Amino acid sequence: MPTAQEQTTRMALLCAGAFVVLNIVFYVLSGSYFDSHRTVVPGVGSVSSYSPEQMTHIRMTFAVSSGIVAVLAFIAGIRPRVIGHLLPVLFGAANLVSAVETYLHDLPGVLVATTLIAGALMLVLAWYSYYRRSRPAWAFLLAFCVVFGTIEFFGITKIRGALDVGLWSAMISPMLKWLTVATLWSLRDEYAETDPATV
């Protein structure tokens, strides 16, 4: 059985390798994307719709986003229980802040209620799952992250517009939610069926 040091080294190499490969693939694919989007300028001819600065910015934003996920994935591999519950706490707190912001900006009441309830529930579920090892709390927390991660992924263009940020900056949230899903799922053996009186 590998030692803790060997596991840490293996996880570091895995996350670093995934980060490098992912960014190489993105660099090549983004180059093809940039080349396919061209504008005809009179007297000049066909030029790229993206300036070199814009291309660099997009690639750097992707590198930062994937780097954040890679670092958290490494920590999650070493401390899955901590990261698997810390991230939902951060999501819950962010939802509560969003609820206040949406209320102050006179946005639809259903959005205020949704973010408020989701934020409070995530905090409560994370507490019960982490400290009391409650299987129902763990399962609902996992489901919350699956649902919100999926919704945010498919609604990323609206989120990007609302937050006025780049696509890959906005993608950090759904990526972290899916990292949380994977981390919580890896803890499933710790949540074996127990006597309901102890949950």
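## Exercises on a predicted model

Helix 5 (residues 135-154) packs against helix 8 (residues 172-186) at an angle of about 155 degrees, and their axes lie 8 Å apart. The model is predicted.

**Exercise 1.** Decide how helix 5 is oriented relative to helix 8.

*Solution.* Start with the angle: about 155 degrees. Angles over 145 degrees count as roughly antiparallel. Therefore helix 5 is roughly antiparallel to helix 8. Next, the handedness: the crossing of these two helices is left-handed.

**Exercise 2.** Find residues of helix 5 and helix 8 that meet, and sort the contact by class.

*Solution.* Look at helix 5 first: its contact residues include Trp138, Leu141, Leu142 and Phe153. Turn to helix 8: Pro174, Trp178, Val181 and Leu184 are among its partners. Now sort by class: the contact has twelve nonpolar, four polar and two charged residues.

**Exercise 3.** Locate the largest nonpolar core and say which helix gives the largest share of it.

*Solution.* The largest nonpolar core has 26 residues. Those with the most contacts inside it are Leu87, Trp138, Phe144, Leu176, Leu179 and Leu184. Helix 2 (52-78), helix 3 (80-104), helix 4 (109-131), helix 5 and helix 8 each supply at least two core residues. Helix 5 gives the largest share, seven residues. Now take Phe144: beyond its neighbours within four places in sequence, it touches Ala118, Leu121, Met122 and Leu125.

**Exercise 4.** Describe Arg133: its place, its phi and its exposure.

*Solution.* Arg133 sits in the loop between helix 4 and helix 5. Its phi is positive, about 50 degrees, although Arg133 is not a glycine. Its relative accessibility is 43%, so Arg133 counts as partly exposed.

Notes:
Residues numbered from 1 in each chain as written. Predicted model: local features only at pLDDT ≥ 70, side-chain atom pairs only at ≥ 80, totals over all residues. Heavy atoms only, no water. Axes fitted to C-alpha atoms, helices over the stretch in contact; angles between N-to-C directions. Helix = DSSP H or I, 4+ residues; strand = E, 2+ residues; numbered from the N terminus. Parallel < 35°, antiparallel > 145°, perpendicular 65-115°, else oblique. Left-handed = near helix turned anticlockwise from the far one by under 90°. Contact = heavy atoms within 4.5 Å. Nonpolar A, V, L, I, M, F, W, Y, C, P; charged D, E, K, R; others polar. Core = buried A, V, L, I, M, F, W, Y, C linked by side-chain atoms within 4.5 Å. Buried < 20%, exposed > 50% of the residue type's maximum accessible area, 1.4 Å probe, protein only.
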